[in-house]
Amino acid sequence: MKRIFVLGLFAALFMCANAQETAVKKAPKPMSELAKPYDESLDGMKQIADAVAKAKAEGKMVMCQVGGNWCKWCLWFADFITTDEDVKAVVDANYEYIHVNFSPKNKNEKAFEFFGNPKLGYPFFVVIDAEGKLEGVYESACLEEGQGYSKEKVMEFFMAHAPKHECCGHHAEGKECAHKAQPEMQCGHCKMHQLK
């Protein structure tokens, strides 16, 4: 009986320690410790044109994260997608990712006109295909969880807007890549998930 009590106590302590560690991981960093990815000096339309050219060459989509260095949720999201290895891998394999600034100093009015002048909170996301066609504008509130972002929701969001890869067409369903025998023909997504 004493042994069961000691084991139960040990398990309870382990769970409390684990819960505290998880809480620490989810606590957002102060703004002073976060990278400032938005450059007020950049022309948003030039950023988009450059990203579209790269996306076309690499078979990717363009993802614009619109906001500013004044926005804590913008900085938290930028930090989240660069520090979570799984999310970063999906972003790197599927997107040319850019930060389009909005601030009193540079409102990027031409870019906002291209986006359809959305009335959304910040950050918001704009998906553009490799031909430069606007695919959609999306809010970020649905990706939030507590004082941060839900990894599951963010991963679903990025996978839902990833390019449709001609090399296999079935990777989302877990089927084998059609270019199994020709790895040099595989898209970045298939290589990332080792669907060989």
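1. Start with the surroundings of Y95. Leaving aside residues up to four places away in sequence, Y95 touches K60, M61, V62, M63, V90, F157, F158, H161 and A162. Bear in mind that this is a predicted model. Y95 sits in strand 2, which covers residues 95-101. With a relative accessibility of 3%, Y95 counts as buried, because the cut-off for buried is under 20%.

2. Two more details on Y95. A polar atom of its side chain lies 2.5 Å from the backbone oxygen of F158, and F158 is also among the residues that Y95 touches. There is a long-range neighbour to look at as well: P163 is 68 residues from Y95 in sequence, yet the two C-alpha atoms are 8.4 Å apart.

3. Now the aromatics around Y95. One aromatic cluster takes in W73, W76, F77, Y95, Y97, F125, Y138, Y149, F157 and F158. Two of its members, F157 and F158, also turn up in the contact list of Y95. Across the whole structure, a search finds 18 aromatic pairs.

4. Of the individual pairs, have a look at W70 with Y122. The two rings are edge-to-face, with centres 5.5 Å apart and 80° between the planes. This pair links distant parts of the chain, since its residues are 52 apart. W70 belongs to the loop between strand 1 (61-67) and helix 3 (72-83), and Y122 to the loop between helix 5 (109-115) and strand 3 (124-128). As for accessibility, W70 has 45% and so counts as partly exposed; Y122, at 23%, counts as partly exposed too.

5. Another pair is F114 with F115. Here the geometry is tilted, at 6.1 Å centre to centre and 55° between the planes. The two rings differ in burial: F114 counts as partly exposed at 28% relative accessibility, whereas F115 is buried, with a relative accessible area of 3%.

6. On to helix packing, first helix 4 (residues 85-94) against helix 6 (residues 151-160). Their axes come within 10 Å and cross at roughly 10°. Angles under 35 degrees count as roughly parallel, so helix 4 and helix 6 are roughly parallel to each other. Helix 4 supplies D86, V87, V90 and V91 to the contact, and helix 6 supplies K151, V154, M155, F158 and M159. By class, these residues divide into seven nonpolar, two charged and no polar. V90 and F158 are worth a second look, as both are also touched by Y95.

7. Helix 4 has another partner in helix 3. In this case the axes come within 5 Å and cross at roughly 90°. That puts helix 3 roughly perpendicular to helix 4, because the range for that label is 65 to 115 degrees. The contact is made by F80, I81, T82 and T83 on the helix 3 side and by E85, V87 and K88 on the helix 4 side. The class split is three nonpolar, two polar and two charged residues. V87 of helix 4 appears in this contact and in the one with helix 6.

8. Finally, stay in helix 3 for D79. Its side chain and that of K29 are joined by a polar contact of 3.3 Å. Not counting residues up to four places away in sequence, D79 touches K29 and L34.

Definitions and conventions. Residues are numbered from 1 along each chain as its sequence is written. This is a predicted model: local features need pLDDT of at least 70, side-chain atom pairs count only at pLDDT 80 or more; totals for chains, interfaces and linings use all residues. Side-chain values use heavy atoms; hydrogens and water are left out. Axes are lines fitted to C-alpha atoms, for helices over the stretch in contact, and angles run from 0 to 180 degrees between N-to-C directions. Helices (H or I, at least four residues) and strands (E, at least two) are DSSP runs, numbered from the N terminus. Angles under 35 degrees count as roughly parallel, over 145 as roughly antiparallel, 65 to 115 as roughly perpendicular and the rest as oblique. Contact means heavy atoms within 4.5 Å. Ala, Val, Leu, Ile, Met, Phe, Trp, Tyr, Cys and Pro count as nonpolar, Asp, Glu, Lys and Arg as charged, and the others, Gly among them, as polar. Buried means under 20% relative accessible area, exposed over 50%, partly exposed in between (1.4 Å probe, protein chains only). A polar contact is a pair of N or O atoms within 3.5 Å; within protein, one must be able to donate a hydrogen and the other to accept it, and residues adjacent in sequence count only if both atoms are side-chain atoms. Rings of Phe, Tyr and Trp (its six-membered ring) pair if their centres lie within 6.5 Å; planes under 30 degrees apart count as stacked, over 60 as edge-to-face and the rest as tilted.
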